[in-house]
Structures are given as C-alpha cells and as structure tokens.
Amino acid sequence: MKKGILAIAGLAAIAIIAKKAQKRKAFVRGIFDEYDVKERTPFGFADRIRTMNDEDYNSLKEKVRAQFGRGCCKPRTAE
C-alpha cells in the first residue's frame, strides 16, 4: 500500500518537472525566434546579444528575468 502511494507521488513529481522543463524550452525557443538567433547554442546567443542595441538588450533581459527570476535573491538597499 505504502509503495503504491510513493510510486504515484514519484510519478506526479516527475510529470511536474517535465512540464516545467517543457515550458522553459518553449520560452527559450521563442526568444531565439523573436531575436532571430540563427545558431541555437549559447555561443550563437552570445553573438546575437553583442550585436543588439541597448533597447533590445534591456527588453530581452526583462523577459528572461520575468520568466526565470524567482524573487528569492533580491538586492538589498542600504538603509
């Protein structure tokens, strides 16, 4: 009985992790398409960032922060 419940919980956890990974992969694919990154590697992405102007770079940075930022490590201001 206990093994069955643990197996079901384990499968549910794996399904949640797989769904989250799929969403992240789709987001990154969308970023590559939106910013016209030809080479789908970190090096190709870095090359594209080097050719961006400041406005495009800041837009990209905000999208990535909104998607992947957790909010746990916020910078502290001096009081």
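**Three helices and their side-chain links**

Glu 62 counts as partly exposed, at 46% relative accessibility. That value sits between the cut-offs of 20% and 50%, so the label "partly exposed" fits. Keep in mind that this is a predicted model. Glu 62 has a partner, Arg 65. The two form a salt bridge, and their closest N and O atoms are 3.7 Å apart. The limit for such a pair is 4 Å, so this one qualifies. Arg 65 has a relative accessibility of 52%. The line for "exposed" is drawn at over 50%, so Arg 65 counts as exposed. Why are Arg 65 and Glu 62 about one helical turn apart? Both lie in helix α3, and they are 3 residues apart there.

Now step back to the whole fold. The protein chain has 3 helices and 0 strands. Along the sequence, the pattern reads α-α-α. The protein chain has 79 residues, and 10% of them count as buried. Its accessible surface is about 7100 Å². Carbon and sulfur atoms account for 60% of that surface. Next, take the contacts between residues at least 6 apart in sequence. Of these, 45% join residues at least 24 apart.

Return to the salt bridges. How many are there in total? The count comes to 5. One of them joins Lys 63 and Glu 34, with the closest N and O atoms 2.3 Å apart. This pair links distant parts of the chain. Lys 63 belongs to helix α3, which covers residues 54-68. Glu 34 belongs to helix α1, which covers residues 2-34. The two partners are 29 residues apart. Are they buried or exposed? Neither label fits, because Lys 63 has 29% relative accessibility and Glu 34 has 47%. Lys 63 is therefore partly exposed, and so is Glu 34.

Another salt bridge joins Asp 36 and Lys 38. Their closest N and O atoms are 3.1 Å apart. Asp 36 is partly exposed, with a relative accessible area of 46%. Lys 38 reaches 66%, so it is exposed.

Aromatic rings come next. A search of the whole structure finds 2 aromatic pairs. One of them is formed by Phe 27 and Phe 68. A ring pair is described by the distance of the centres and the angle of the planes. For Phe 27 and Phe 68, the centres are 5.4 Å apart and the planes meet at 80°. An angle over 60 degrees counts as edge-to-face, so that is the name for this pair. The pair also links distant parts of the chain: Phe 27 is in helix α1 and Phe 68 is in helix α3, 41 residues apart. Phe 68 is partly exposed, at 27% relative accessibility.

Phe 27 leads us to the core. Which residues make up the largest nonpolar core? There are 7 in all: Phe 27, Ile 31, Phe 32, Tyr 35, Val 37, Met 52 and Leu 60. Helix α1 gives the largest share, 3 residues.

Ile 31 is one member of this core. Look past its neighbours within four places in sequence. Beyond them, Ile 31 is in contact with Phe 45, Leu 60 and Lys 63. Leu 60 is a fellow member of the core. Lys 63 is familiar too, as the salt-bridge partner of Glu 34.

How values were computed
Residues numbered from 1 in each chain as written. Predicted model: local features only at pLDDT ≥ 70, side-chain atom pairs only at ≥ 80, totals over all residues. Heavy atoms only, no water. Salt bridge = Lys/Arg side-chain N within 4 Å of Asp/Glu carboxyl O. Helix = DSSP H or I, 4+ residues; strand = E, 2+ residues; numbered from the N terminus. Buried < 20%, exposed > 50% of the residue type's maximum accessible area, 1.4 Å probe, protein only. Contact = heavy atoms within 4.5 Å. Areas by Shrake-Rupley, 256 points an atom, 1.4 Å probe, with all protein chains shown as cover. Phe/Tyr/Trp six-rings, centres within 6.5 Å; stacked < 30°, edge-to-face > 60°. Core = buried A, V, L, I, M, F, W, Y, C linked by side-chain atoms within 4.5 Å.
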